[in-house]
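Here are some notes to read alongside the model, written for someone meeting a structure of this kind early in their studies. Please keep the view open and find each residue as it is named.

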Amino acid sequence: MEGRKILYSAVQPTNNLTIGNYVGAIKNWVNLQNDYDCYFSIANMHAITVRQVPAELRQRTLSVLALYLACGVDPEKCVLYLQSHVSAHAELCWVLNTFTYVGEMERMTQFKDKSARHAENINMGLMDYPVLMAADILLFQTDLVPVGIDQRQHVEIARDIAQRFNNAYSPTFKVPEALYNKVGAKINDLADPAKKMSKSGENPNGAVFMSDDRDTVIRKFKRAVTDSDAEIIYDPERKPGVSNLLSIYSAFGGKSIEAAQADFAGKGYGEFKLAVGEAVADKLAPVQAEWKRLLADKAYLDGVLKAGAENAARAANRTLAKVYKKIGF
Ligand code: TRP
């Protein structure tokens, strides 16, 4: 729609997605698509910066797509596509590489972390990851980039690169702003509530996956770490476990934190944990049924990706053409 702000985000198809991803990203996308012109991609080009098993990557890509659709991301309302289907990403990335300094990339926190974790494979792609992400964002003349706080540095560098290019030539790229999640939108590990929930946590009960069945979900919540007093109040500093559970209950039950707190006034932790587990399991059941149905409909999924790629390429190629002209191609 004319006059609406443009919003861009992407998800890597590498994770077995957790309820943390649901609250922090998927649910957000579902809401944002009503108010902005949204481009959402599955970032498979970013995914190969660490080694992937090809068949698994292909399968996870479809699985992530089907999950987002099952959760309510609507291809009639937004442009949903696969990054590798739009060659402008790689092409703009190459140009932007010449506006990015090696020293800046070496200083990126995520590059340093991943280099430490994948010391046997510190490839150029891993180092170039932020430039590809800048290309993703800048291709679409993006106003807003909803991301987790861990992606802050990457959005900042995209802004720097855009400004550098604009100053060297003439205004070409919109300089994007990051859009961070609201308080309570970050879900922590159930077993170690000081840490963000992720699939790679040490305790297998700490993360709840979107694919977990009802019994598994409830078992994980029953084992969630709380604390030794018995008050169910939201206080992330003093009571990280209980506060995390209240955030989850609020996100999955569609209630404010205050309303969630009121629901449990005077109740015990056992009852509380069970209720949170049930709220999550109730919400997941229909999503999982739809997810499964969509995954069996390969023709539909392929159709969504094909239409998405056409729409994304049209917008991206407009920017790329301008860039090529300005640099003298
Ligand atoms: N790097 C992001 C992540 O891991 C995913 C991503 C790729 C992205 N390209 C993007 C996010 C562009 C926002 C905009 O979460």
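**Notes on charged pairs, cores and rings**

1. Lysine 306 and glutamate 310 are joined by a salt bridge, in which the closest N and O atoms are 3.6 Å apart. Both residues belong to helix 13 (residues 298-327), where they sit 4 residues apart, about one turn of the helix. Lysine 306 counts as exposed, with 55% relative accessibility, while glutamate 310, at 45%, counts as partly exposed. Please bear in mind throughout that this is a predicted model.

2. Some salt bridges share partners, and in this way Asp227, Asp229 and Lys239 are joined into one network. How many salt bridges does a search of the whole structure find? The search gives 16, and the pairs discussed in these notes are best read with one general idea in mind, namely that side chains of opposite charge can pair when their charged atoms come close.

3. A salt bridge also links the side chains of glutamate 56 and arginine 60, at 3.8 Å from N to O. These two residues are 4 residues apart in helix 3 (residues 54-71), so about one helical turn separates them. Glutamate 56 is partly exposed, its relative accessible area being 41%, and arginine 60 is likewise partly exposed, with a value of 28%.

4. Aspartate 192 and lysine 195 form another salt bridge, and here the closest N and O atoms are 3.2 Å apart. Are these partners buried, partly exposed or exposed? Aspartate 192 is partly exposed, with a relative accessible area of 29%, and lysine 195 counts as partly exposed at 43% relative accessibility.

5. Turning to the nonpolar residues, the largest nonpolar core has 60 residues, of which Ile19, Met210, Phe221, Ile248, Phe252 and Phe272 touch the most other members. Helix 12 (residues 269-295) gives the most to this core, contributing 10 residues. Isoleucine 19 is a useful place to begin looking, since, when its neighbours within four places in sequence are left aside, its contacts include Met197, Val208, Met210, Phe221, Val280 and Leu284. A second core, separate from this one, has 44 residues, among them Val50, Tyr129, Ile137 and Ala313.

6. The structure holds 13 aromatic pairs. In one of them, the rings of tryptophan 29 and tyrosine 68 have their centres 4.7 Å apart and their planes at 50 degrees, so this pair is tilted. Tryptophan 29 lies in helix 1 (residues 19-32) and tyrosine 68 in helix 3, so the pair ties together parts that are 39 residues apart in sequence. Both tryptophan 29 and tyrosine 68 are buried.

7. Phenylalanine 165 and tyrosine 169 also form a tilted aromatic pair, with 4.7 Å from centre to centre and 35 degrees between the planes. The partners are worth checking one by one for accessibility: phenylalanine 165 is buried, with a relative accessible area of 0%, whereas tyrosine 169 counts as partly exposed at 35% relative accessibility.

8. Which residues do ring pairs link into a cluster? They are Tyr8, Tyr39, Tyr81 and Phe140, and a reader who wishes to describe any one pair should recall that a pair of aromatic rings is described by the distance of the centres and the angle of the planes.

Conventions
Residues are numbered from 1 along each chain as its sequence is written. This is a predicted model: local features need pLDDT of at least 70, side-chain atom pairs count only at pLDDT 80 or more; totals for chains, interfaces and linings use all residues. Side-chain values use heavy atoms; hydrogens and water are left out. A salt bridge is a side-chain nitrogen of Lys or Arg within 4 Å of a carboxyl oxygen of Asp or Glu. Buried means under 20% relative accessible area, exposed over 50%, partly exposed in between (1.4 Å probe, protein chains only). A nonpolar core is a set of buried Ala, Val, Leu, Ile, Met, Phe, Trp, Tyr and Cys residues joined through side-chain atoms within 4.5 Å. Contact means heavy atoms within 4.5 Å. Rings of Phe, Tyr and Trp (its six-membered ring) pair if their centres lie within 6.5 Å; planes under 30 degrees apart count as stacked, over 60 as edge-to-face and the rest as tilted.
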